[in-house]
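Trainee: Got a minute to go through a model with me?
Mentor: Yes, put it up.

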Amino acid sequence: MVAVKKEGGPLRKRSLVWFRKGLRVHDNPALLEASQSAAEVYPVFVLDPSIDPTEDGVKIGANRAQFLLESLEDLDQSLKKLGSHLICIRGRPEDVLPPLMRELDINHLGFEFDTEPYWKAQGEKMAKEAENLGARVHCPATHTLYDPEHLMAKCMMDAPKSYGQFLKLVAKCGSPPAVASAPESLPQISKDVLGRKHSGVPTLRDLGYEPLPASERTPFPGGETEALRRLEDQFRDTRRIALFEKPKTSPTDFETPSTTVLSPYLKFGCLSSRVFYFKLKEAYRKNGKHADPPVSLLGQLYWREFFYLCGYAFPNFGKMEGNPICRQIPWDHSEGGKEKLRAWESAQTGYPFIDAAMTQLRQQGWLHHLARHAVACFLTRGDLWVSWEEGRKVFDKLLIDADWSLNNANWMWLSCSSFFYQYFRCYSPVAFGRKYDPSGKYIRNFVPALRKMPKQYIYEPWKAPLSVQEAAGCIVGVDYPMPVCDHAVASKENMSKMAAAYKKAKSESPPPKKKAKKAK
DNA sequence: CTGTGCGTTGTATTG
DNA sequence: TCAATACAACGCACA
């Protein structure tokens, strides 16, 4: 226990706990520490006007905003059960927090460390502000399994560029830190300063969103309570968890997804990755037999960890230019390219599987990993030759689990810009979906125009004879778009463009020397 | 410097 | 039905 006088006086500890991610009460060392040693604790969430801003400054979609608000609402409820509540302030952290810290005479600031450039900078600014006020700062790295600084030290600042290398690094690190218990109680917030101007959690409408029609609302509610419920639910089948292999799951199962859908809860920190980790280990022990990385569930957690480390270690990770691990590729930025991007984003490519996936993305804020692969490949090196950054922005806006590090990494992966380079392995917008769902149930659900199309044409309706199109009530070119490109032609062309871009990069910048050139 | 093996999740064809 | 293979040939790690 920290020796702090419990009553009044200069030693009275007044703690502000700043929530960003980590929207949970369980395994939250910053909150726990405050609860154990401070006489006053102020749990604060700062809701930026642009709402969870990224470096693009893109305003997030309504489903993602709703997931965030539900998570905040749930956090507020949990804090209330502990005797406190969430103070939700509108504004930018750098504008709002320093005056609040002064007003409350804060002498302790606690918040979770964040690796993303925007939030890392915000954290540094606030730590400085707090220190200027003479406050102590507690900033534990609790979003990932390991403290990224610890991983960087272990690899001697030479971050792994492949998953295999990352696994070797993790093998040297032992078990992640133990899970912290939830606080037993929190001091009541009595100060009146938080009255009118600091209101509770706003509604979607407060934030300027029109409420979504039911058909376009994500079926996945936000919040720690739901996260823990979902975790328990998924872990009821120990065998399934232990034997889980990602490539064996299906992108077209949309009623009950074939994966766990824990990603949005991990993204916002409604679920602690460490809780998930130890729960997995327990399931593996119980079941005996289990799958292994990279395909296992633990492997998925390690992919997250790997990409978080990459986003932390490599500069300009969110863009092509100036990104040391990203291939420089002359993507189509012309008007034509923009038109193709619009077709893709609005589910009007004329490839039913792609359009179904893009519709699911919009309606549910979630897509199976392999469906993400298919649409990402299609937009970039597969068919449309549009920059991965554009696709990343759309995912960032619409996915409830949009996660800066993972999103960038996966877009680079699929566009063969980094991590993965076998550009001759290309997803077919027709064959890939058909392999999982030959009758096209997935398409029929998300692309109503094609509901009556016979299954032999549902993946390529433009090939159906006019009489068949008429009978299905769907004339291609009228009721459903013609394909935006010819996949066979476009993918072949793009492969040679990739070859040229790689070749150019090689000739222009020879492999970087690890150490300074030795004198001969 | 060079060769080899490997890489979470491709496709189309063949037997 | 399924497994093997050609396709055309990537970068990275390591020996």
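Mentor: We can take the DNA contacts and then the cavities.

Trainee: Any ground rules?
Mentor: This is a predicted model, where local features need pLDDT of at least 70, side-chain atom pairs count only at pLDDT 80 or more, and totals for chains, interfaces and linings use all residues. Residues are numbered from 1 along each chain as its sequence is written, chains are lettered from A and ligands numbered from 1 in the order in which they are written, and side-chain values use heavy atoms, with hydrogens and water left out.

Trainee: Which residues surround DNA strand C?
Mentor: Gln-165, Lys-168, Arg-327, Tyr-421, Gln-422, Tyr-423, Phe-424, Tyr-502 and Lys-506, counting a residue as near if one of its heavy atoms lies within 4 Å of the strand. Of the atoms of DNA strand C within 4 Å of the protein, 88% belong to sugar and phosphate.

Trainee: What does the side chain of Lys-168 sit 2.6 Å from?
Mentor: An N or O atom there is 2.6 Å from a phosphate oxygen of DNA strand C. For Lys-506, the distance from a side-chain N or O atom to a phosphate oxygen of the strand is 3.4 Å.

Trainee: Switching to cavities, how big is the largest cavity?
Mentor: Its volume is about 100 Å³. A cavity is a set of points, on a 1 Å grid over the protein atoms alone, where a 1.4 Å probe fits but cannot get out; lining residues have an atom within 4 Å of a point. The volume is the space filled by probe spheres set on the points, which are joined across faces, edges and corners.

Trainee: And where is the second largest cavity?
Mentor: It lies between domain 1 (1–143) and domain 2 (144–175 + 225–313), because both give residues to its lining. The domain bounds come from an automatic or database domain assignment. Tyr-308 is one of the lining residues of the second largest cavity.

Key. Polar contact = N/O pair within 3.5 Å; in protein donor to acceptor, adjacent residues only side chain to side chain. 1 Å grid on protein atoms, 1.4 Å probe; cavity = no way out; pocket = protein on both sides within 12 Å on 5 of 7 lines; lining within 4 Å.
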